[in-house]
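Thanks for coming. I will go through one structure today, starting from a single residue and working outward.

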Amino acid sequence: MSTSTSLADYRAALTTPGARTPVVTSLLGRLPIAMIGMALLLYMQRESSSFAIAGAVSAAELIGVAMGSVVQGRIVDRIGPSKPLYITSALFTASVVATLAAIELGASTPLVVAGAFAMGLLQPNIGSASRALWGHLLPAGRVREAAFSYEAISLEVFFILGPGLAGLLVAMPWAGTGVVVGSACMVLGSVGFASTRAARTQRPDPSEHAGAMLGAIAAPGMRTVALAALGFGMVIGFIEVAVPAAAVDAGQPTMGGLLMSLASVSSVAVGVVYGVHPWPRPMHLRLPALLLGFAGLVALLALPTTLLGLALMLLVAGCLITPQSTAHSVAVEFAAPPGTAAEAFGWVVTSVTLGSAIGQSVSGQLVELAGPPTAFLVAGAAGAALAAVLYVRRNTLLPTRTNLTLAGS
């Protein structure tokens, strides 16, 4: 039988000995996770006056994140988080400086795209490291599940703050301010997390990785979870370009980031309740159902003709964002092979960001050619198609005797 997560479980997780400092530093490091890409998108659009170019640059950054997440996750699983976070923080800082210089000097679009890709590739993967650390601090059970739920909910809080901050900072005298502020927070948080005792003393068991050439993605269930994350990210990517474009068309360009934040407001509110009462309870049905519902709500964003109407519809569509993030996090816990926690979550990050990159790139072209409503409709169709594929693959996530509780069946 499944058990419900309570507020006491959240409190027990966050007050676990050794958890306090990693929690605080990871908060700072993960705050810009939805801010850097949006800030780069808005900054580039301001400089180039083209959503197509801005979408391509932002998509390149996300593709870099997608490629770097799995590699960094596998390294963390083998040697711990500290050294990888120190090294990537230094390299990431250099790539940000180089990319901003290229934009300011009016470099060609391919060069800026290459710089954005490097930014994403070298971005410290503190999200995977933070989530994996709970597996070392807590035994399996309700308290650990509460910790994973906290990770998903806190991530959505950053999706509330990130786009809004990016939208505000792009209006500063220098439009690149958001990229700098977001990057600084990520580096400071990552270095702080890597310096904590819990991170420095994490000692993975090398025997768990023997013969694991394909790592976490070798498990059929993990491939299904990655596909669900890809579809989720793709739909989000469409929205991240189409919503700011709708704001520009309405003559209020600074409202783009704030409108995106509205979706996450309802997302967090519903996510807290959903974590206690998930539906559908069987994970093999939950993933396709959530993606299909989200795709349908996003398609309805094509209907409003005013920013106020769009804002209200975003509040409705946002209700299914955190439930999907939480479902992906719980599914990873029982679908991933032993000893691949950071890499497995890296695959989720990779899938979401790769999907978002695809969505942003296609949405940028659609916005230029046919306008935001068309982008919303295509996003809904793409999400529904991938939900159908998830349903076909549902048997790969059927609960077993050992994962019944984690699957919520």
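Please find Ala 166. Setting aside neighbours within four places in sequence, Ala 166 is in contact with Met 35, Met 38, Ala 39 and Leu 42. Before going further, I should say that this is a predicted model. Ala 166 sits in helix α8, which covers residues 142-169. Is Ala 166 buried or exposed? With a relative accessible area of 1%, Ala 166 is buried, because the cut-off for buried is under 20%. Val 181 is 15 residues away from Ala 166 along the chain, and the two C-alpha atoms are separated by 9.3 Å.

Now the overall layout. The domain assignment of the protein chain gives domain 1, residues 16-204, and domain 2, residues 213-400. The C-alpha centres of these domains lie 19 Å apart. How many residues of domain 1 are in contact with domain 2? There are 37 on the domain 1 side, and they are in contact with 45 residues of domain 2.

Next, the interior. The largest nonpolar core has 88 residues, and Ile 239 and Phe 294 touch the most other members. Which helix gives the most to this core? That is helix α11, residues 220-249, with 18 residues. Domain 1 and domain 2 each supply at least three residues to this core. As background, nonpolar side chains in soluble globular proteins tend to be buried together.

Take Phe 294 from that core. Leaving aside residues within four places in sequence, the contacts of Phe 294 are Phe 232, Val 235, Ile 236, Ile 239, Ala 317, Leu 320, Ile 321 and Gln 324. Ile 239, then, appears among the contacts of Phe 294. Apart from the largest core lies another one, of 12 residues, including Ala 13, Val 23, Leu 138 and Ala 147.

Val 23 leads us to Leu 14. Leu 14 lies in helix α1, residues 7-14. Beyond its neighbours within four places in sequence, Leu 14 is in contact with Ala 19, Val 23, Trp 134 and Tyr 150. Leu 14 and Trp 134 are 120 residues apart in sequence, with 10.0 Å between their C-alpha atoms. How does Leu 14 rate on accessibility, and what is the value? Leu 14 is partly exposed, because its relative accessible area is 30%, and partly exposed covers the range between 20% and 50%.

Now Ala 132, in helix α7, which spans residues 126-137. Ala 132 has 5% relative accessibility, so it counts as buried. Outside the residues within four places in sequence, Ala 132 is in contact with Ala 341 and Ala 342. From Ala 132 to Glu 151 is 19 residues in sequence and 11 Å in space, C-alpha to C-alpha.

Ser 69 is our next stop, in helix α4, residues 51-79. Its relative accessibility is 3%, so Ser 69 also counts as buried. What does Ser 69 touch, not counting residues up to four places away in sequence? The list is Asn 125, Gly 346, Val 349 and Thr 350.

Back to helix α11, where we find Ala 245. Ala 245 counts as buried, because its relative accessibility is 1%. Leaving out neighbours within four places in sequence, Ala 245 is in contact with Phe 51, Val 367 and Pro 372. Pro 84, by contrast, is 37 Å from Ala 245 in space, C-alpha to C-alpha, and 161 residues from it in sequence.

Pro 372 brings us to the last topic, a pocket. The second largest pocket has a volume of about 170 Å³. Its lining consists of Ala 246, Asp 249, Ala 250, Leu 301, Pro 304, Thr 305, Thr 306, Leu 307, Leu 310, Pro 372, Pro 373 and Phe 376. Which elements give two or more residues to this lining? They are α11, α14 (307-317) and α17 (372-392). Of the elements, α17 gives the most, with 3 residues. By class, the lining has 9 nonpolar, 2 polar and 1 charged residues.

To recap two points: helix α11 gives 18 residues to the largest core, and α11 also gives two or more residues to the lining of the second largest pocket. That is the end of the tour.

Methods:
Residues are numbered from 1 along each chain as its sequence is written. This is a predicted model: local features need pLDDT of at least 70, side-chain atom pairs count only at pLDDT 80 or more; totals for chains, interfaces and linings use all residues. Side-chain values use heavy atoms; hydrogens and water are left out. A nonpolar core is a set of buried Ala, Val, Leu, Ile, Met, Phe, Trp, Tyr and Cys residues joined through side-chain atoms within 4.5 Å. Buried means under 20% relative accessible area, exposed over 50%, partly exposed in between (1.4 Å probe, protein chains only). Helices (H or I, at least four residues) and strands (E, at least two) are DSSP runs, numbered from the N terminus. Domain bounds come from an automatic or database domain assignment. Contact means heavy atoms within 4.5 Å. On a 1 Å grid over the protein atoms alone, a cavity is a set of points where a 1.4 Å probe fits but cannot get out, and a pocket is an open set with protein on both sides within 12 Å along at least five of seven lines; lining residues have an atom within 4 Å of a point. Grid points are joined across faces, edges and corners, and a volume is the space filled by probe spheres set on the points. Ala, Val, Leu, Ile, Met, Phe, Trp, Tyr, Cys and Pro count as nonpolar, Asp, Glu, Lys and Arg as charged, and the others, Gly among them, as polar.
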